[in-house]
Every structure is written in C-alpha cells, then in structure tokens.
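Subject: Structure handover

Hi,

Here is the structure for you to look at. My notes on strands and helices follow below.

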Amino acid sequence: MPYRDEMLEAIVENPYYCIVVVDKDAKVTYLSKTYCDFLNIKREDALGKHVADVIENSRMHTVVETGKEEIASLQYIRGNYMIANRIPVRIEGEVIGAVGFVLYRDTKEWMEMNAHIKELLLQLEHYREQLKAKHGVTYFLHDIIGRSQEVEYLKEQVKKVAPGDVSVLIRGESGTGKEQFAHSIHHLSNRSNQPFITVNCASIPEHLLESELFGYAEGAFTGAKKGGKPGKFQLANGGTLFLDEIGDMPINAQVKILRVLQEGEVQPIGGVETLKVDVRIIAATNQPLEELIEENKFRKDLFYRINVIQMDIPALRERQEDIHVLAKYFLHKISVRVGKRVIDIAEDVLNCLMEYDWPGNIRELENVIEFAVHMTNGNCIEMEDLPAHFHNEVGVSDKTSSLKELVEKTEKEAILKALKRTNGDKKEAAKLLELGKSSLYEKIKKYRIIVP
Ligand SMILES: Nc1ncnc2c1ncn2[C@@H]1O[C@H](COP(=O)(O)OP(=O)(O)OP(=O)(O)O)[C@@H](O)[C@H]1O
C-alpha cells in the first residue's frame with residue numbers, strides 16, 4: 001500500500017475515534033473498525049444501508065439534506081449519550097455526502113477527558129464561593145466587560161472613588177450592571193476584607209423593611225426570634241451596605257436610615273441600647289429621584305446624603321460598541337458552563353444584536369445568548385437560534401418606535417404567562433423568566449399588571 005494510503009488508514013482506523021461516511025443518499029460507504037465494534041455490527045452488513053438503519057438516532061442524513069455541520073452534538077446511542085461531529089462533504093459547492101466522528105463514546109469518557117479542566121473550573125468556583133460567603137462579593141473590576149468610552153470612564157471612576165468612604169449613588173436602567181459596579185467599588189476599597197451586604201428595598205415588604213435594616217431585640221414582637229436578630233446595618237459593620245432600588249424605600253424607613261447615617265448608630269426595634277455602626281453606603285436606582293422628591297416620595301436630605309458621587313451607567317443601546325464583546329464574553333462563559341462547544345456568532349446575528357433596543361440591557365443579552373447556546377446544533381450561533389422576537393418578521397432590524405412597542409408587548413405577555421403558571425408567585429415567575437426579582441417588580445409596575 002502506498003505511504004499516503006497507509007497513513008490515511010492509520011488515521012481513520014485509530015482505536016479512539018468512531019468514523020462513519022455516507023453518500024448523498026445517506027447510505028453508509030465507510031464505517032471504521034472501532035465504530036463497528038462499538039455498534040457490534042459487521043462492516044459488510046452496514047455498507048450500502050441507510051445510515052438511520054445502522055446507527056441509532058443518527059442525524060447524518062439530516063446533515064446531507066441541510067448541508068449544515070453539527071458540532072459537539074449529543075446523540076443517545078446504546079443506552080448512553082455520546083458526542084459527535086457531523087460534517088457535510090462538498091465538491092464544487094454541492095453536497096456529495098457527509099462524514100461523522102464520534103468524539104467521545106459516552107459522556108463519562110468526555111468528562112474524564114475534560115477532568116483536568118473541570119477540576120480547575122471547580123477550584124475557581126470553590127474559591128469564588130468562599131469569597132462570596134465571607135464577604136458577599138462576587139464581581140471584580142475585571143469582570144466588567146466593555147470597550148466603549150463610557151465603560152472605560154466608569155472603570156476609572158470606580159478606581160478613583162473606591163478608596164474613600166464616600167457614598168456613591170449608581171443610576172441606570174435595570175440590568176445595566178449597577179450591582180456589579182457596586183461590588184467592584186467595595187472590592188477596591190479599604191473595606192474589601194469586610195462584608196458587602198445587599199438590601200433590595202423593592203422586594204422587602206414595607207412592614208419588614210425596618211427589622212431587616214435595623215434588626216430587633218428579643219421579645220420585640222410576637223414571633224420574634226430568641227436572642228433577637230441583627231439588621232443589615234450591623235451585618236455590614238466595617239464594610240459596605242448596598243441599598244438597591246433605593247427609590248422604592250418607604251418614607252418612614254428613609255427617615256430612620258438618614259438618622260443612622262448621621263449619627264453612626266442603630267437602635268434595633270424593641271431595643272433600648274443603641275449600637276455603633278460604621279458602614280459605607282452605595283445606593284442604586286433606576287427611578288428619577290428628583291421627581292420623587294418633588295412628589296414628596298423621597299427625602300431631599302437623604303438624597304444629598306447618598307448622592308455625594310453619582311455614577312450613571314448608560315443603557316446598552318447607548319453603547320453599542322459593547323454589544324459584540326459582551327455577546328462573545330457570554331458565549332464563552334455559557335458554553336463552558338453548559339459543556340457545549342459553541343465558539344462563534346454569525347455576522348448577521350451580530351448585526352441583529354446591534355440593531356436591537358435591549359430594554360432589559362446586559363441581563364437580557366446574557367439570557368438571549370444562553371437561549372441560543374441551548375438551541376444551536378452547530379458551533380456557531382445562527383439567526384434561527386435566537387428567540388422568536390429577533391426574527392425579521394417582527395421587524396427587529398428596522399429601528400422604529402413600533403419595535404419598542406412590540407418588545408414591550410411580548411415582555412408583558414411573557415410576564416403574564418409566567419405569573420399565571422406560578423399562580424401569582426412572583427419569586428417563582430422571576431426564576432422562570434430568568435429575571436432578577438427587582439426587575440420583575442419593576443416591569444409589573446411598568447405594565448400595570450394585576451397579579452392573579
Ligand atoms: N459590563 C458587564 N460585563 C459583564 N457582565 C455584566 C456587565 N454588566 C452587567 N453584567 C451582567 O448582567 C447581569 C445584570 O447586572 P446587575 O445585576 O449588576 O444589573 P443591575 O443594574 O443591578 O440590575 P437591576 O437594576 O435589575 O438589579 C449580571 O449577570 C451581570 O453579571
């Protein structure tokens with residue numbers, strides 16, 4: 001046998017890969033020995049047969065029909081999921097057949113092959129979790145992705161304001177990354193080895209907010225825990241208290257917070273003693289606080305107290321240069337997490353993402369990429385992998401005001417459906433929609449949805 005043929009045979013007849021070749025009618029023209037052994041079939045019995053009659057759940061015929069490759073696709077075979085690549089073979093542009101490789105004969109083999117990477121990822125996750133459990137911090141400055149001037153400027157601002165104890169008010173629409181910036185400020189501050197405590201002022205019922213913030217003494221009310229309970233101010237002592245959605249804070253609680261900030265001490269509900277606390281405040285809102293002040297819904301004195309430094313996070317639609325990098329960043333992060341090899345985003349998909357309005361900002365972009373990674377059969381995200389509202393029929397690429405209306409309508413319908421499915425349980429509905437609880441509350445308010 002000539003050297004080249006011997007070489008080719010050694011490559012395809014290796015004991016690690018199972019290889020199948022089909023012609024344009026999806027009839028098997030070649031099946032490697034390893035594959036024959038794996039399927040427990042004689043090669044001469046397989047040749048010339050339709051691939052679907054030889055290999056369980058094969059999709060080789062689909063690849064011949066569509067001419068589209070399928071990379072790292074899961075295939076259930078002989079009681080196991082194996083991982084396969086299927087690639088169409090073309091001559092002068094015409095599909096004349098396809099070749100399929102089984103990369104791993106079962107997911108266990110794949111797991112073993114990936115064990116060293118998985119081990120590192122697990123270790124990383126473990127240390128992050130430890131850090132989070134200790135100080136409540138999950139994001140650092142280098143986790144803030146973006147190459148727009150706006151993001152560069154904000155990162156510089158974080159570096160400048162972080163070291164002092166000055167209060168920061170972060171403003172921006174839902175999902176723009178306010179919490180992520182707050183974490184980064186804490187991490188770069190002198191308080192970074194002290195706790196970072198978050199209070200979502202919109203999601204805590206008004207009657208519980210004060211005990212959440214200031215704690216309560218033993219016997220303060222019926223049902224109070226033995227020994228009392230520390231409030232978020234005490235828990236954040238020495239560190240940072242992040243007051244998210246501060247615009248939703250009831251006016252009574254605002255008065256009390258202001259007092260704590262001015263006097264540096266809290267009095268737990270039902271308690272007689274006051275406790276010294278030293279906290280740095282970072283607050284966030286997407287509400288027009290100035291208007292709330294006019295309407296007497298927000299205290300002017302508290303506004304001045306928290307608004308020493310203001311950071312405005314622009315909406316994603318106002319910094320389109322970030323869309324590409326963020327999309328690719330999420331693609332990598334999500335495909336590693338779900339164990340699917342999706343490495344690229346088609347040009348028309350990127351253009352479509354650029355045209356879109358992103359009412360849910362970066363959180364929505366992350367969800368869209370997650371959806372697409374799960375939907376795709378190949379190693380590149382294509383238009384058909386995007387959620388339905390991105391397809392051209394709904395006019396995603398013409399930037400008209402009707403697009404906004406359409407998105408809002410779809411969003412409202414999705415929320416109504418989720419609330420119906422969860423019998424009005426907002427927490428469960430937020431999970432179902434992969435939305436932050438506070439964003440769901442906001443949208444319920446925005447669309448005036450009556451929760452069933
Ligand atoms: N610049 C960024 N780079 C990478 N990920 C980002 C960035 N900005 C936001 N994210 C991600 O987007 C999601 C939403 O961010 P975050 O919760 O900080 O937004 P938010 O403005 O606080 O939202 P909300 O007002 O609804 O609470 C998070 O998963 C966060 O990790």
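V168 in β6 has I282 in β13 as its bridge partner. Strand β6 covers residues 168-171 and strand β13 covers residues 280-285; 4 bridges join them, and they run parallel. Helices (H or I, at least four residues) and strands (E, at least two) are DSSP runs, numbered from the N terminus. Two strands pair if DSSP finds at least two bridges between them.

Two notes on the source. This is a predicted model: local features need pLDDT of at least 70, side-chain atom pairs count only at pLDDT 80 or more, and totals for chains, interfaces and linings use all residues. Residues are numbered from 1 along each chain as its sequence is written.

The sheet

β6 also pairs with β14: 4 bridges join the two, running parallel. There, I170 stands opposite M311 in β14. Where does this pairing sit in the sheet order? The open sheet has 5 strands, ordered β7-β10-β13-β6-β14, with parallel pairing. Its edge strands are β7 (196-200) and β14 (309-312), each paired on one side only. From one strand to the next, the twist averages 20°. Such angles run from 0 to 180 degrees between N-to-C directions, and axes are lines fitted to C-alpha atoms, for helices over the stretch in contact.

At the β7 edge, β7 and strand β10 (residues 240-244) pair in the parallel sense over 5 bridges. V199 has L243 in β10 as its bridge partner.

The hairpin

Strand β1 (residues 18-23) and strand β2 (residues 28-31) run antiparallel, joined by 3 bridges. V21 stands opposite Y30 in β2. The hairpin has 4 residues between the strands, and A26 takes a positive phi near 65°.

Helix pairs

Take helix α8 (residues 149-161) and helix α9 (residues 178-188) next. Their axes come within 8 Å and cross at roughly 40°. α8 and α9 are therefore oblique to each other (under 35 degrees counts as roughly parallel, over 145 as roughly antiparallel, 65 to 115 as roughly perpendicular, the rest as oblique). The crossing of α8 and α9 is right-handed. A crossing is right-handed if the near helix is turned clockwise from the far one by less than a right angle, and left-handed if anticlockwise.

Which residues of α8 meet α9? They are L154, V158, K159 and V161, and they meet F181, S184, I185 and L188 in α9. Contact here puts C-beta atoms, placed from the backbone, within 7 Å. By class, the contact of α8 with α9 has 6 nonpolar, 1 polar and 1 charged residues. Ala, Val, Leu, Ile, Met, Phe, Trp, Tyr, Cys and Pro count as nonpolar; Asp, Glu, Lys and Arg as charged; the others, Gly among them, as polar.

Helix α15 (residues 321-338) and helix α16 (residues 347-355) have axes that come within 9 Å and cross at roughly 125°. α15 and α16 are therefore also oblique to each other. α15 passes α16 in a right-handed crossing. I323, H324 and A327 in α15 meet L350, L353 and M354 in α16. That contact of α15 with α16 has 5 nonpolar, 1 polar and no charged residues.

One more helix

Helix α12 (residues 251-263) has 13 residues, so at 1.5 Å a residue α12 should span 18 Å. The expected span is 1.5 Å times one less than the number of residues. The end C-alpha atoms of α12 are 19 Å apart, which agrees. Just after α12, G264 takes a positive phi of about 70°.

Best wishes

Notes:
Two residues are in contact if their C-beta atoms, placed from the backbone, lie within 7 Å.
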